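This report describes how the chains of a model meet one another, and what else can be read from their surfaces and charged side chains. The structure is shown first, and the description follows.

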Amino acid sequence: MEYILIFIAAVFVNNIVLSQFLGICPFLGVSRKVETAGGMSAAVTFVLTIATIVTFIVQKYVLDAFGLGFMQTITFILIIASLVQMLEIILKKVSPALYQALGVYLPLITTNCCVLGVAIMVIQKDYNLLQAVVYAISTAIGFSLALTIFAGIREQLSVTHVPEGMKGTPIALITAGLLAMAFMGFSGIV
Amino acid sequence: MNNIKILLNGIIRENPIFVLLLGMCPTLGTTSSAINGMGMGLATTFVLTCTNMAISALKNLIPNAVRIPAYVVIIATFVTPLQMFIEAFLPSLYQSLGLFIPLIVVNCIVLGRAEAFAGKHGVVPSGFDGLGTGLGFTLALTLLGATRELLGSGKVFNLTFMPEEYGSLIFVLAPGAFIALGFLIAIINKVRKV
Amino acid sequence: MEKLKSTLPNMFLSLMITCSASGIILAGASLYTSGPIAISKAAALEKAIKDVTPEFDNNPLEDSYKGVTADGDSLLIYPATKDGLPVGVAVDSYTKNGFSGEIKIIVGFDTEGTLVNYSVLQHAETPGLGSKMELWFRTDKNKQSVIGRSLANGNLSVTKDGGDVDAITASTITSRAFLNAVNRAYSAYKGTDSTTGATIKKGDNDE
C-alpha cells in the first residue's frame, strides 16, 4: 500500500515536471515529436533508476559512514556523469539497437536536473532502498507521461494557427501551464 | 570598454532566459515571489562569476578530454560552500529555495558559459561574462517573480499594489509559472522586433 | 603556457588534483559554517518556543523530554518554568493528515491546558488556501481563533465535525489536520505530566 501511495504521489500529484519544476530543459527541448519524446523518456527512466540506486548506496555506506555529508552534491554529480558515460559505452557494445535509439539523449541527461534532484530528494525524505527505487521509477514514469502528453499536444499545435508573437516557446510554455493546471486536479488524492 | 560590452551582452542581447532559454528549472521553480527570484538569481550570479574566473585561470592545466568532469567539480566546489553559507546566515532564504541551491550545479547556464566562454578567454573577460550573464539571469528571475507576485497576491517586495482579493491565486501556483513566463517571452519577442 | 595534452597520466593527475583541492575547500567551508548553522537552527527553535509559551526564565531546549500521545506516538516537549515553577510547555507536534504532506507546528499551553499560541514550522499546503493556517487560527473573527481555548474539556474540531472551530474557507482538510496536530500536542503534554514523572527523559533534545 505504501509503495502504491509513493507511486501515485510521484506520477500524478507531485509530478516532477509539472509541479516540482525539475527536468524542464528536456521537457521543452525534445518535445516536438512524440517519437523523440519516447526515446528521451526511456533514457531518463534508465539513468534515473540506476543513478538513484548507486547514489543511495554511496550516501549510506560511504558519505554517512565517514561523515562526508558535505561532499554530497559533488559526489552525486560525478556518479551521474560517469554512469551516463559508462552506460553509453556498455550499450554501444552490448546492444547497438538500443544504443541507436537512446544514444543521442544520453549525454543530455548529465545536466538534466531531475536525476540529481531525485537522488538528493530520496536522501532528504529518508527513504529506504526499496522505497527509493519505487520513488525513482515512479518519478521517471511521471516525467515520461508529462513529456509524451506534451509532445502529442505540440505535434497538433504545429499545424494550427498561432498568433505571430506567440509562436515557438511562448505558446509551448502556456500549453505546459494548462497541462500543469490539469495535473493540479490530482492534488489531495493521496 | 570591451569588458563593459561583454557585461551588457550577457544582460540584454544574450539574456539567458528570455533569449537563450537556458536554466528553466530554477526560473520556474523559485519565482513564486520577487524576493525569492532575486535571491536565486544572485546566488547563481556568484557561482557563474567565480566558476568562469576559476575555469579560465585553470584552462591550460585541464586536458581537453576530461574538461567536462573537471568543470563540474569546479562548479560544485563553489556551489556547496554557497549552500552552507546561505543555510548558516540566511536561513529563511535557504528554506524557500530549498533543493534548487544544490541544483545550481546542473544549471545549464553555468556549464554552458564555462564551455562557450571561459574555456577560451582570459580571466578578466570571463569574470565579466559570468557577472553579465548572472545579472541577466537575476533580472529575468526578479521580473518573473514580481509579475507572478503582483498577479497572484497584489504585492511586490511586500509593497501592496492592489488588495489581495483581486489577485489570482493560480499565478503563485505551478501553472501560473509557465503561463506568466510564456507571456513575458512573447512580450519581449515583440519588443525586440520593433 | 601550453595547454596540457590529453594523455592518460595528464588526465588522471589533473582530475585528481581538482578533486582533492575541491575536497579540501569543501571540508574547510563545512567546518567554518557548521557552528553558525547549528546556532541559527537553535535560535529559530528558541524564538518559536518564546512566541508560543508564557514568559519563562529557564532553557526549555535543555530540559526537553519526550511525551507520548493518545495514539502512541512520541513528541518532543519543551517545558517552560519561571522562578522554578512550571508556567507551561511548548510541544513540537506534527500531523500526516495534511492536504499535501506533513504539517509541523509548535504549540504552547499554559499549566491549565489553555492554548497560548502556535507557530507553523513547516508545511506544503496549497498557497493561498491551506497555507492560511498560519494566520487563520489566530484571527479573532467568528469562531476562527484557537488561541485562549482550553483543551482540558476535550479535543478541538471543526464545526463540520460537530466542533466549535471555523475551518479555513475551502480548506477543511488542512483545518482538520491542523487541529489534529494541536490535539496530539495536548495529549502528549497531558499524557506525561511532569508531576507524574512518567516517561521523562531529560536532555533528549537531539532531534
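Ile57(A) lies in helix α3 of chain A. The model that contains this residue is a predicted one. Ile57(A) belongs to a nonpolar surface patch of about 580 Å², together with Tyr61(A), Val62(A), Phe66(A), Leu68(A) and Leu129(A). Helix α3 of chain A, which covers residues 34-63, is the element that gives the most to this nonpolar patch, with three residues.

**Two interfaces of chain A**

Chain A touches chain B, and chain A also touches chain C. The table sets out the values for each pair.

| Pair | Residues in contact | Buried area | Share on carbon and sulfur atoms |
|---|---|---|---|
| Chain B and chain A | 35 residues of chain B, 34 residues of chain A | about 2900 Å² | 86% |
| Chain C and chain A | seven residues of chain C, seven residues of chain A | about 560 Å² | 76% |

**Chain B against chain A**

On the side of chain B, the residues that lose the most area to chain A are Leu99(B), Val106(B) and Phe178(B), and together they make up 23% of what that side buries. Between chain B and chain A the rule finds zero salt bridges. The search for residue pairs in polar contact across this interface, with both residues at pLDDT 80 or more, also gives zero.

Several helices of chain B take part. At least two residues each come from α2 (24-29), α4 (67-89), α6 (108-118) and α8 (174-193) of chain B. The helix that gives the most to this side is α8(B), with 11 residues. Sorted by class, the residues of chain B that touch chain A are 28 nonpolar, seven polar and no charged.

**Chain C against chain A**

Leu26(C), Ser30(C) and Phe99(C) supply 58% of the area that chain C buries against chain A, which is more than any other three residues. The salt bridge count between chain C and chain A is zero. Residue pairs in polar contact, both at pLDDT 80 or more, likewise number zero across the interface of chain C and chain A. The side of chain C that touches chain A has four nonpolar residues, three polar residues and no charged ones.

**Salt bridges in the structure**

Side chains of opposite charge can pair when their charged atoms come close. Over all chains, the structure holds 12 salt bridges. One salt bridge joins Arg67(B) and Glu115(B), with the closest N and O atoms 2.6 Å apart. Arg67(B) lies in helix α4 of chain B and Glu115(B) lies in helix α6 of chain B, so this pair ties together parts that are 48 residues apart in sequence. Helices α4 and α6 of chain B are also among those that each supply at least two residues to the side that touches chain A.

Note on methods. Residues numbered from 1 in each chain as written. Chains lettered and ligands numbered in written order. Predicted model: local features only at pLDDT ≥ 70, side-chain atom pairs only at ≥ 80, totals over all residues. Heavy atoms only, no water. Contact = heavy atoms within 4.5 Å. Buried area = accessible area lost by both parts, 1.4 Å probe. Salt bridge = Lys/Arg side-chain N within 4 Å of Asp/Glu carboxyl O. Polar contact = N/O pair within 3.5 Å; in protein donor to acceptor, adjacent residues only side chain to side chain. Helix = DSSP H or I, 4+ residues; strand = E, 2+ residues; numbered from the N terminus. Nonpolar A, V, L, I, M, F, W, Y, C, P; charged D, E, K, R; others polar. Patch = residues over 30% accessible without salt bridge, like charges linked within 9 Å, V, L, I, M, F, W, Y side chains within 5 Å. Areas by Shrake-Rupley, 256 points an atom, 1.4 Å probe, with all protein chains shown as cover.
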